[in-house]
Amino acid sequence: MSAAPHAFPKNEKLCGKTTIARVMKKGHWFSSTFLRVCYLKEEQGRNRILTSVPKRYFKRAVKRNLLKRRIREAYRLNKELLPQEGYLIMLVYTGVEVADFPSIEAEVRSVLKKLASR
RNA sequence: CAGGUGGGACGAUCCGUCGCGGUCGAAAGACUGAGGAAAGUCCGGACAAGACAGGGCGACGCACUGCGGAAAUCGCAGGUGGAGGUAACUUCACGCAGUCGUAACAGAAAAUUACCGCCUCUAAAAAGGUAAGGGUGAAAACGCGAGGUAAGAGCUCACGACGGGUACCAGCGAUGGCAUUCGGCUACGGCACUGCGACUUGCAAGACCAAAUAUACUGACAGAUGAGGACUGCCCGUCCGAUGUCAGGGGGUAGGUUGCGAAGAUAAAUGACGGAAUAAAACAGAAACCGGCUUACUGUCCCACCUUUUUU
RNA sequence: UGAGGUAUGGUGUAAUGGUAGCACUACAGAUUUUGGUUCUGCCUGCCCAGGUUCGAAUCCUGGUACCUCAA
């Protein structure tokens, strides 16, 4: 399984209430056009990611699920842009409209490049 | 042919590349993976915890009939009445009978009615008798004809409508038909009454395992002949002064397991791209389960029926 | 996810089924040299759609939006 370059196993998902709370408390925030990013760099471990779409802007669960899946898919296809240095990343969608996949992919690529250059 | 009414069905499938949840497997891999509403949370049920000797009142919900159903503000079939529609049909209401109310405005009056009018008596007025006609209003309390009368009136009669009683017939029944008899009122709402139901809370219910920290309790050791702490890098010294250390251990937090399913996660799985006439679109995503109801919605098909026009 | 609540001018809040009121605000005028204060006038409203009723803010049904609680 680990041989596949674009796999997205469970240990690359950011989970656990205490971990998320730690990222939100200590992490650094920045925003792009419709993504709000919070990241925390740890010394070791795999990169782990979390996607979130606020219920405030999208009442219907279908739209929230669709956006979360598109963001996660974009990360999965482009995750080699970021070295494995223990990044914990939260991606929060702040747009008002439902974006299509190419624009989300471009956005995620720019965010990952920005993170890798820091 | 056109328009309409009612009912029903489907609401996605396959292939390739990358990827995800679950089960099986040592592995390779194989199989499987959102809905008709998963939604709203409007009802009901199971399940679970808590409360509870037994019974009643209050408060709450339901209320035509029969059948189905675990039950339901559920379904099917039927009854009566109102409203809408040319029609097919749709929609609303329904226990019983006691009491109260139906109030703005208008109008004389919203109920033991009397302004104009009509009639009697009169010189006239007053007084009395009326409810045909007028006008107001959402609504004026049976219709119509004849008799009757001073004028009139169910005052009387025939026919009809309405509401009961009785007998017969049809029906399991609500009820209907028919005959006869009585009657003066009807409808809606509140309260009271009758019958039935209903304890409360909800899977974030509940059950189990269980770090760290503090600690009930138990044991061992040390302790006013000073344990331990503060000042300090250490010793001395000064100050405070009764518990301290170790082990066991109960409840229990984070967290985990279960509750949990022929989808079954626990930060939570169905996606991206290409192809299949290509366009797969609408409403919309399981987080404990089941039965209904309601609401949202794409394209199309099937069945039954109604109306209009044309042709035969 | 489960349980509950609310909706009335721009804001806050009343109203037994019968003309929708009050305070502040906004606007206009008066007072003042000007502004404030004060006085007078005036604009703007029952969340939406059906139903019951002669007549619904109110009663019934279904939606929508917002809020609260349970971790």
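## The sheet

In this predicted model, 4 strands come together in an open sheet whose order is 1-2-4-3, and their pairing is mixed. Strand 1 and strand 3 are the edge strands, each of them pairing on one side only. On average, and with direction ignored, neighbouring strands of this sheet are turned by 20° against each other. Strands of a sheet pair through backbone hydrogen bonds, and they may do so in a parallel or an antiparallel manner.

## How the strands pair

Following the order of the sheet, strand 1, which covers residues 28–31, pairs with strand 2, covering residues 35–41, in the antiparallel sense over 4 bridges. These two strands form a hairpin, with 3 residues between strand 1 and strand 2, and within this pairing F30 stands opposite V37 of strand 2.

Strand 2 also pairs with strand 4, again in the antiparallel sense, and this pairing runs over 7 bridges. Here R36 has V92 in strand 4 as its bridge partner. The parallel part of the sheet is found where strand 3 (residues 48–52) pairs with strand 4 (residues 87–93) over 5 bridges, and in that pairing the bridge partner of R48 is L88 in strand 4.

## Helix 2 and the sheet

Helix 2 packs on the sheet, where it touches strand 3 and strand 4, and the direction of the helix makes about 155° with that of strand 3. Strand 3, helix 2 and strand 4 together make a β-α-β unit, and this unit is left-handed.

## Helix 2 and helix 3

Helix 2, made up of residues 61–78, also comes together with helix 3, made up of residues 101–116: their axes come within 9 Å and cross at roughly 55°. Because of that angle, helix 2 counts as oblique to helix 3, and the crossing of the two helices is right-handed.

On the side of helix 2, the residues that take part in this contact are R70, I71, A74, Y75 and N78, which meet F101, I104, E105, V108, R109 and L112 in helix 3. Sorted by class, the contact of helix 2 with helix 3 has 7 nonpolar residues, 1 polar residue and 3 charged residues. Helix 2 therefore has two sets of contacts described here, since helix 2 touches strand 3 and strand 4 of the sheet and is also oblique to helix 3.

Technical notes:
Residues numbered from 1 in each chain as written. Chains lettered and ligands numbered in written order. Predicted model: local features only at pLDDT ≥ 70, side-chain atom pairs only at ≥ 80, totals over all residues. Pairing = 2+ DSSP bridges. Axes fitted to C-alpha atoms, helices over the stretch in contact; angles between N-to-C directions. Parallel < 35°, antiparallel > 145°, perpendicular 65-115°, else oblique. Left-handed = near helix turned anticlockwise from the far one by under 90°. Contact = placed C-beta atoms within 7 Å. Nonpolar A, V, L, I, M, F, W, Y, C, P; charged D, E, K, R; others polar. Right-handed = clockwise from strand over helix to strand, strands pointing away.
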